[in-house]
Amino acid sequence: MAKAEITNKVREMRFFNNEMTQQELADKVGCTRQTINALEQNKYVPSLSLAFKISKLFGKGIEEIFIYNK
Amino acid sequence: MSTLRRNAIVESIGWFIVLITFFPIFFSNGGAEEFIKNETKRNITANIFLFGYCIHFLILWLTHRKKKLVKIVFDERDKETQRIANNIAFIFTLLYVFLLSIVLYDSFFKSEYIPVGYMWFVGYSTIAMTSFLSAFIILITDLKNS
């Protein structure tokens, strides 16, 4: 898996949503806790489907959570 | 620890045991020529491989059972890790078979024939090596990406 060119604000969003745990977020979007952890450390770029699920869960647009770094 | 990593550890250990048990059994007391004559050796080898597959199917069954208890066992990242690892293991398997063939060719070049018992070795060792490498490379890839 390539080093992430896309960073994200998932950790921040969890914090502002009643300090949701990684496990809770993982269960809600249908992935493992390890994937959420890798996402937050920018070690993994999620699929479009997972990115949309996360954005929808937090009620934000996809570009507000996932930032493309040129 | 993720299910993928736990499975990879168990499977690596299982197939490593198969490998280190099979090699001495095959090469002890006469090697390939003795292997085809000695039914006990072939039965022991078959049972060792049965052990390897039992571990494999046990892992599959436990994972299937876990799916009923836990919502998500494997996700897209695990599948991506598996895909990368399987591609690498495929290349290593090709290399292993090629090198093994060359070694056999080189060893028996002068006598102009290869003892037919080596076909057992090629078959069994390729299965064990591929299974071990797949699991081991999944483990390495997962550790690298975590």
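Which helices of chain B each supply at least two residues of the lining of the largest pocket? In this predicted model, the helices that do so are α1 (residues 3–27), α3 (residues 39–69), α4 and α5 (residues 118–145) of chain B. The largest share of that lining, 6 residues, is provided by α3(B). The volume of the largest pocket amounts to about 340 Å³. Its lining consists of 17 residues, and those nearest the pocket centre are N7(B), E11(B), H56(B), L60(B) and Q82(B). When the lining of the largest pocket is sorted by class, 7 residues are nonpolar, 8 are polar and 2 are charged.

The chain that supplies these helices may be described as a whole. Chain B contains 5 helices and 0 strands. Read from the N terminus, its elements follow the order α-α-α-α-α. The C-alpha trace of chain B extends over about 60 × 30 × 15 Å along its principal axes.

The interface of chain B with chain A was then examined. Here, 14 residues of chain B are in contact with 13 residues of chain A. Together the two chains bury about 1,200 Å², and 51% of this area lies on carbon and sulfur atoms. Helix α4 of chain B, which comprises residues 76–107, contributes 6 residues to the side of chain B that touches chain A, and this is the largest share of that side. By class, the same side of chain B is made up of 4 nonpolar, 4 polar and 6 charged residues. Across the interface of chain B and chain A, 0 salt bridges are found. Polar contacts, by comparison, are found there for 4 residue pairs, with both residues of each pair at pLDDT 80 or more.

The second largest pocket encloses about 180 Å³ of space. It is lined by 13 residues; Q23(A), T32(A), R33(A), Q34(A) and I72(B) lie nearest its centre. Residues of chain A and of chain B thus both appear among those nearest the centre of the second largest pocket. Two helices of chain A, α2 (residues 22–29) and α3 (residues 33–40), each supply at least two residues of this lining. In terms of class, the lining of the second largest pocket comprises 5 nonpolar, 5 polar and 3 charged residues.

Salt bridges were also counted over the entire structure. Over all chains, the structure holds 3 salt bridges. One of these joins E40(A) to R14(A), with a distance of 2.5 Å between the closest N and O atoms. Because E40(A) belongs to helix α3 of chain A and R14(A) to helix α1 (residues 10–16) of chain A, the pair ties together parts that are 26 residues apart in sequence. Helix α3 of chain A therefore carries a partner of this salt bridge, and α3 of chain A also supplies at least two residues of the lining of the second largest pocket.

Terms used: Residues numbered from 1 in each chain as written. Chains lettered and ligands numbered in written order. Predicted model: local features only at pLDDT ≥ 70, side-chain atom pairs only at ≥ 80, totals over all residues. Heavy atoms only, no water. Contact = heavy atoms within 4.5 Å. Buried area = accessible area lost by both parts, 1.4 Å probe. Salt bridge = Lys/Arg side-chain N within 4 Å of Asp/Glu carboxyl O. Polar contact = N/O pair within 3.5 Å; in protein donor to acceptor, adjacent residues only side chain to side chain. Helix = DSSP H or I, 4+ residues; strand = E, 2+ residues; numbered from the N terminus. Nonpolar A, V, L, I, M, F, W, Y, C, P; charged D, E, K, R; others polar. 1 Å grid on protein atoms, 1.4 Å probe; cavity = no way out; pocket = protein on both sides within 12 Å on 5 of 7 lines; lining within 4 Å. Points joined across faces, edges and corners; volume = space filled by probe spheres on them.
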